[in-house]
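Biologist: Please take me closely through one part of this model, namely the salt bridges and the strands and core that surround them. I would like a connected account that I can follow with the structure open beside me.

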Amino acid sequence: MKRIILILILINFTSCDPGVVNKYVVENKTASELKVESILEYGNRNTSEKDSVKNIELKPKTESIITEYGEIGIAHDKGIDFLKGIDTIIVKMDNRTLTKNIYDRKNWEYKVLNSGLLSMDEVEYKLILTETDFE
């Protein structure tokens, strides 16, 4: 009987699909305030949110999560598909134009925040913006 219970517990743990939370952070290393608008792809927003559009005002020398969403999978760098769950990201600073390509994966730092057997994996993609990224 103990073996049957052990086998059922093992089947339960191995049959669950793992989940991962993708966090997207913008770090403002400029001397000006940034306005960041992000829109998630349809179906990626949390049910507790009334809209998939997020507007954030990012003070100088600070950082903030601009959006996050969960999906089935494990913690891994998605490469060129890293923005798959995001429809749009718009960054504005006063009357200056952003010249850095924010849709290019090499302009984002990737880090695994949490990877565990009994908890959801968490990963972070961070975009660092400086004065030289605007004209």
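Modeller: What follows goes through the salt bridges one pair at a time and then turns to the strands and the nonpolar core. Please keep in mind throughout that this is a predicted model.

The count of salt bridges comes to 10, and three of these pairs are described here in turn. In one of them, the side chains of Lys126 and Glu63 meet with a distance of 3.0 Å from N to O. Lys126 belongs to strand E7, residues 121-129, while Glu63 belongs to strand E4, residues 62-72, so that the pair links distant parts of the chain, 63 residues apart. The two partners can also be described by their accessibility: Lys126 counts as buried because its relative accessibility is 12%, where buried means under 20%, whereas Glu63, at 42%, counts as partly exposed. This pair also belongs to a network of salt bridges in which Glu27, Glu63 and Lys126 are linked.

A salt bridge also joins Arg96 and Glu131, whose closest N and O atoms are 2.8 Å apart. Here, too, distant parts of the chain are linked, since Arg96 sits in the loop between E5 and strand E6 (108-114) and Glu131 in the segment after E7, with their positions 35 residues apart in the numbering. Arg96 has a relative accessibility of 30% and therefore counts as partly exposed, and Glu131, at 31%, counts as partly exposed as well.

The loop between E5 and E6 and the segment after E7 appear again in the pair of Asp133 and Lys100, parts that are 33 residues apart in sequence and are tied together by this pair. The closest N and O atoms of Asp133 and Lys100 lie 3.6 Å apart. Asp133 counts as buried because its relative accessibility is 10%, while Lys100, at 21%, counts as partly exposed.

The strands come next. E6 and E7 form a hairpin with six residues between them, and the two strands run antiparallel and are joined by six bridges. Within this pairing, Trp108 has Leu127 in E7 as its bridge partner.

There is also an open sheet of three strands, in the order E3-E2-E5 and with antiparallel pairing. Its edge strands are E3, residues 53-58, and E5, residues 86-92, each of which pairs on one side only. Neighbouring strands of this sheet are turned against each other by 15° on average, with direction ignored. Strand E2, residues 34-40, pairs with E3 in the antiparallel sense over six bridges, and Ile39 stands opposite Val53 in E3.

Finally, the nonpolar core brings several of these strands into one picture. The largest nonpolar core holds 24 residues, of which Tyr24, Ile89, Val91 and Leu129 touch the most other members. Two or more residues of this core come from each of strand E1 (19-28), E2, E3, E4, E5 and E7, and E7 gives the largest share, four residues. Leaving aside residues up to four places away in sequence, Val91 touches Leu34, Lys35, Val36, Leu98, Ile102, Leu129 and Phe134.

Technical notes: Residues are numbered from 1 along each chain as its sequence is written. This is a predicted model: local features need pLDDT of at least 70, side-chain atom pairs count only at pLDDT 80 or more; totals for chains, interfaces and linings use all residues. Side-chain values use heavy atoms; hydrogens and water are left out. Two strands pair if DSSP finds at least two bridges between them. Axes are lines fitted to C-alpha atoms, for helices over the stretch in contact, and angles run from 0 to 180 degrees between N-to-C directions. A salt bridge is a side-chain nitrogen of Lys or Arg within 4 Å of a carboxyl oxygen of Asp or Glu. Buried means under 20% relative accessible area, exposed over 50%, partly exposed in between (1.4 Å probe, protein chains only). A nonpolar core is a set of buried Ala, Val, Leu, Ile, Met, Phe, Trp, Tyr and Cys residues joined through side-chain atoms within 4.5 Å. Contact means heavy atoms within 4.5 Å.
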